[in-house]
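User: I'd like to go through this model with you, one topic at a time. Ready when you are.

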Amino acid sequence: MNILKVLDIDSVTIRFGGLEAIRDVSFAVDEGELLAIIGPNGAGKTTIFNAMTGIYRPTQGNILFKGQLINGLKPNQLVLKGIARTFQNIRLFSALTVLENVMVGWQCRSREGLWGALAGGKRVAVNRVEAINQCREYIEMVGLADLMEELATNLPYGKQRLLEIARALATGCNLLLLDEPAAGMNALEREELISLIRHISKNLRKTIILIEHDINLVMNISERIVVLDHGEKIAEGTPGEIRTNQKVIEAYLGSEDPLEQEVV
Amino acid sequence: MEHLARFTLNYRNKAVSLVFMILLALIPLFIANDYYIHVLITLGLFIILSLSLNLVSGYTGQLSIGHAAFYGIGAYVTALLMLKLNLSFLVAIPIGGLVTAFFGLLLGLPTMRLAGDYLAIVTLGFGEIVRLVLLNWDKVTRGPMGLPGIPAPELGSYVFMSKIPYYYTVFIIVLITVATMRRIVNSGFGLSLIAISQDELAAEAVGINTLRCKIISFIISAFFAGIAGGFFAVYISFVSPDSFTFMDSIMVLEMVVLGGLASIPGSIIGAVVLGLIPEILRFMAEYRMLIFGALMVVIVIFKPDGFWSAKKRMRNAIMKDLAARKMIDTKTVSPRGEYIEGA
Amino acid sequence: MDVFFQQLVNGLTVGSLYALIALGYTMVYGILKIINFAHGDILMIGTFIGLVLVMNFHLAFVPALLLAMFITALMGILVERLAYRPVRAADKLIALLSALGVSIFLVNFAQLVWGTETHPFPVNISGEPIILGEVHIGTLQIWALGVSLLLMVGLHFFVNHTKMGVAMRATSFNVDYARLMGINVDNIISITFAIGSALAAAAGILIGVYYDAVYPVMGYSAGLKAFTAAVLGGIGSIPGAMLGGLLLGVLENEGAAYLSSGYKDAIAFALLIIILLIKPTGLMGRREQQKV
């Protein structure tokens, strides 16, 4: 029985000039899986995200999405293939409303185009209504229904992260990449985030890769964990395996990462 | 109740703009003064130019300081077509627009690699190169002497003699421009443009082909600027490189920014205000432009957000439009819905 | 080959003047990240001041040059205070428009005071031309090259070896850090404008003398060229501005000699676009990495 690999990172190396940010990293994600990538600051977690979403191109190695080579495709092309992401440093369209932000995410599914916009008419309007209704559903799902018409910039930090998730979902992705979704959230918001991620994973059946510093959250929800350190993969396994992995403990010890105690 | 109020408001707005347009259309009947009509025609040209630049620099957020080049290309192409090929202005002006649109495509390409100040510098370089070519390509453009004697437009046996037919022509072009721009910015495509101006990388990361959008916005922008240029050539019946300088590009940018970036009414107001100030200052004779320069500084210091308030800018009226057609529930539609009108 | 060397000399002369003007653009951009579009017009006013000092006050060339630089420096400070400082917090586009307002004001001011016509700039400059084979280096060229080199060396010393210069570089590196380090950023900005304007006045006077022509819109083309030079070298970089100026001067003159003189300026702008597309930060600019 061979479960289809949604994403396959095959010996990927990423170099910036002389600096090797990622060295020969391989791992894969199965359909519907919830994988976490952890590691100390500067381990190369976001770098590998950027490679998966077309912002960087791997210097060596291959990235396959559903068996198809996606090295060198541009971010927008990858979204059309079904990969969407959120950003560690929140990147919303700050002057647009919550609903408009999500509608921008929906645009890649819209068939309206420029000509449709110029021509107008009933069909275009019907499509727009459909788009708006779907976008509203995503917003309700992440719990921002009351803030539909609020400008993104006016939302508190935690809610901005939720909005980024709604925007990413609106693209109709299969694979959702979450870059530190819990950063800056309080305990209550974290709880809500955890159930949201579970909902997206279990009910929407999306494959999720998650970068997170909050080890409790990671141990709590992920099915498998990949640990990066200094650009290399040092461990991979279930939360239980990772908790007792000697290499992982060493990587975190001595670093100034506040999470070390939680890991050990 | 609120529902009803919003609908009546919507129809009242429509009625108001209709009355306003009729009044504008009737102006030549009340004002027989050639000078006033001339000023109005000039304002019409400014409005087309500022609306066209607004698409690129306001909505898409790509700073362009070479817009006069498009205006110039449209003017020269139209002039040459009418002078050399005896084409009617009805054919020459649209062709001028299309040729200019092609140059818009060319200027859109560098946005692949450049943004912000660096892109602005490329647009400046483009503007200067176009002006220098017009100045030096003697065989075609007659250099600094320009192209005089562009024939007055004819419609069948009717020849444009007074300023009034020009007024109506520019009036129609302005209406077409406003209608087109409204449709573009109040669409999904328009929303994508605003997204690009806000955060290009994020826009790309949610699936927008940003390069394509930027290039299209340059093409449309150039097309309308080219049309304005073509009309200008026909109206003045003379073109020379002096009319398409860096300073002209800057004036248009000024209209867009002072009116309020990414707002259609803003660009119109900007064009009208900045177009009128030098006319109003005419009584100051030689001090006119001196005061104008100082006024520019004062305005940006005290009104850095533009005449049209920030809240009304960068708005997309898809939802308002649908709500008005009773196609979506207005409960959650924008408390700001009211002032989205046309923005 | 003689044509080549003659054009090289001419190019270096003009280029050194472009470099002087480019320094003003680049220093202001380095700190405020705005393009000072009024710079060319400040240059023009500085040139007229020099002309007035020579013609009406009968000063000798060198004292007139120095005094004009001083007055123009004060004017630069004034312009910054009135037109740029109030909009510093606003969008950069606003500062750009403010600069253009200043530009319109200065040109029209000059037209009111001195008229729109071109004024000659007669000065008695002593010295013998240098003749090397067929290549002729005129007295004015020696002066232009000499003065601009002297000023650039002086600026280099100031920026690298004085406390003020170091503070200026620190501010250009990061305004907020500089402020935290106790640097009075407002003063640094004033000094930057003063130096830039003084150098522009010097360049303007040398251009006025070299071409024997002073007129209200002279700042436009000189400014645009120098701006091109600044971008070419990498805007924000002082050595870049010097390199860019010299390079542009030489390329433009060689291009005019071998290709076409009418399209001389077009060559400069085409070059600018090509350089930007290949290396957006110019030859010596530093790239600011965007963090994703």
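**Helices, interfaces and odd backbone angles**

Analyst: Most of α4(C) is covered, with 17 of its 23 residues buried. Buried means under 20% relative accessible area, exposed over 50%, and partly exposed in between (1.4 Å probe, protein chains only). Helices (H or I, at least four residues) and strands (E, at least two) are DSSP runs, numbered from the N terminus.

User: What should I know about the model and the numbering?

Analyst: This is a predicted model, where local features need pLDDT of at least 70 and side-chain atom pairs count only at pLDDT 80 or more, while totals for chains, interfaces and linings use all residues. Residues are numbered from 1 along each chain as its sequence is written, chains are lettered from A and ligands numbered from 1 in the order in which they are written, and side-chain values use heavy atoms, with hydrogens and water left out.

User: Back to α4(C). How far apart are its end C-alpha atoms?

Analyst: They are 33 Å apart, which agrees with the 33 Å expected for residues 92–114 of chain C at 1.5 Å a residue. The expected span is 1.5 Å times one less than the number of residues.

User: What follows α4(C)?

Analyst: Gly115(C) does, and its phi is positive, near 80°.

User: Switch to chain B. How many helices and strands?

Analyst: Chain B has 14 helices and two strands. Of its 343 residues, 58% are buried. Among contacts in chain B with a separation of 6 or more, 77% join residues 24 or more positions apart. Contact means heavy atoms within 4.5 Å.

User: How many residues of chain B touch chain A?

Analyst: 40 residues of chain B are in contact with 39 of chain A. The two chains bury about 3,400 Å² between them, 66% of it on carbon and sulfur atoms. Buried area is the accessible area (1.4 Å probe) that two parts lose on being put together, summed over both.

User: Which side chains meet in a salt bridge there?

Analyst: Asp199(B) and Arg91(A), at 2.8 Å, N to O. The rule finds one salt bridge across this interface: a side-chain nitrogen of Lys or Arg within 4 Å of a carboxyl oxygen of Asp or Glu.

User: Which element of chain B gives the largest share of that side?

Analyst: α8(B), with seven residues. That side of chain B divides into 21 nonpolar, eleven polar and eight charged residues. Ala, Val, Leu, Ile, Met, Phe, Trp, Tyr, Cys and Pro count as nonpolar, Asp, Glu, Lys and Arg as charged, and the others, Gly among them, as polar.

User: And chain C? How much area is buried there?

Analyst: Chain B and chain C bury about 3,600 Å² between them, 81% of it on carbon and sulfur atoms. Tyr118(B), Ile121(B) and Leu290(B) supply 17% of the area that chain B buries against chain C, more than any other three residues. The salt bridge count here is zero. α5(B) gives the most to this side of chain B, with 13 residues. That side splits into 30 nonpolar, three polar and six charged residues.

User: Last topic: phi. Which sign do most residues have?

Analyst: Most residues other than glycine have a negative phi. Arg142(B) has a positive phi of about 60° and is not a glycine. Ala262(B) also has a positive phi of about 60° without being a glycine.

User: Is Ala262(B) buried or exposed?

Analyst: Buried, with a relative accessible area of 0%. Ala262(B) lies in the loop between α11 and α12 of chain B. Arg142(B) counts as partly exposed, because its relative accessibility is 37%. Arg142(B) is in the loop between α6 and β1 of chain B.
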